Amino acid sequence: MTNQVPVFGLLILATLGASGCMTVKSETERMFENYSMDYDTPVDAGLQTRLESIDTKLRGQFSMTAEQTAAGLLDLKTLRLAMIHPDREEYAASVPKIGILLAYFQLHPEAATNLNAQTRHELGLMTKASNNEMAAKFSRELGLKQIQAVLNSSHFYDTNHGGGIWIGKHYGGGDERYGDPLGNHSHAATVRQLIRFFLMLEQGKLGSPAASKTMRNIFKSPEIPHDDIKFVKGLAGRDVQIIRKWGSWEDWLHDAAVVTGGGRHYILVALTKHPNGDEYLVELANTVDDLMIGVAE
């Protein structure tokens, strides 16, 4: 009987400790769920300094200027943000194919929970393998103006803040073209809006939670191998899972990804215009992941 009081006390402490952890965890989850990005979202001074330092070093290494790189990093664990030229619109090559994916689910809401295997695979080819034929198939089915209307309705493009994600031409050919109002690009993106897209995807806020879940699974598409370039090459051999959309056309070389694993969860985006852009992206992913490992520890 004399041992029962201490044991009972320990049980109470253990219960209170577990309850405290649950409270902290739920508060962290609430902060993540409620976090949003707009044009006034502040950067974290420390992370901003680190990202700028990494960018400066890599630009020197690959003979690139500040006008040839733009980058952004959002730590989804701590909600610390860093961005370089976040609203400088760039020709984005295949990266805006993510807009076709979003529009498909916005214009076909039933697909969130009732998507046939063939369409799922074709959307995976468009998104993960960057297949132009599949992208054109869906953009022609949906309509370029309808796709952009979806992007505009979600504020992924704003003429008052540097533009954003724009799809004004079918991939792989065709005469139909609508240049974006600011840069007259057929396909465009900004760092801020790409981070925001993947943030909302992770939060389950792209369309509906069910649509976000299905889109995320399409990004994963385990039956389709990653192209071993850019961020994926830079993160090779590391304990992470990657969903991403890359783009390449001439010297426009880009990547945007969500990286998860080993205690880290973050969004990394970079847009480059330089022949050495791919090498920059490889080293950026590698160096930033080292930084995030240190944060996780």
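## Aromatic pairs in the model

Seven aromatic pairs turn up when the whole structure is searched. Please keep in mind that this is a predicted model. A pair of aromatic rings is described by how far apart the centres lie and by the angle of the planes.

Y104 and F105 make a good place to start. Their planes meet at 75° and their ring centres are 5.6 Å apart, so this pair is edge-to-face. Y104 and F105 are both buried.

## A tilted pair across the chain

F156 and F197 also form an aromatic pair, this one tilted, with 5.7 Å from centre to centre and 55° between the planes. Where in the chain do F156 and F197 lie? F156 belongs to the loop between α6 (144–153) and β4 (157–158), while F197 is in helix α7 (residues 191–203). The two residues are 41 residues apart, and their pair links distant parts of the chain.

Are these two rings buried or exposed? F156 has a relative accessibility of 0%, so F156 counts as buried. F197 is buried too, and its relative accessible area is 0%.

## The wider cluster

F156 and F197 have company: together with F198 and F219 they form one aromatic cluster.

## Charges over rings

F156 has a charged partner as well. The charged end of R196 sits over the F156 ring, 4.6 Å from the ring's centre.

You can find another such arrangement at K245 and W246. Here the charged end of K245 sits over the ring of W246, at 5.1 Å from the centre of that ring.

Methods:
Residues numbered from 1 in each chain as written. Predicted model: local features only at pLDDT ≥ 70, side-chain atom pairs only at ≥ 80, totals over all residues. Heavy atoms only, no water. Phe/Tyr/Trp six-rings, centres within 6.5 Å; stacked < 30°, edge-to-face > 60°. Buried < 20%, exposed > 50% of the residue type's maximum accessible area, 1.4 Å probe, protein only. Helix = DSSP H or I, 4+ residues; strand = E, 2+ residues; numbered from the N terminus. Lys NZ or Arg CZ within 6 Å of the ring centre and 35° of its normal.
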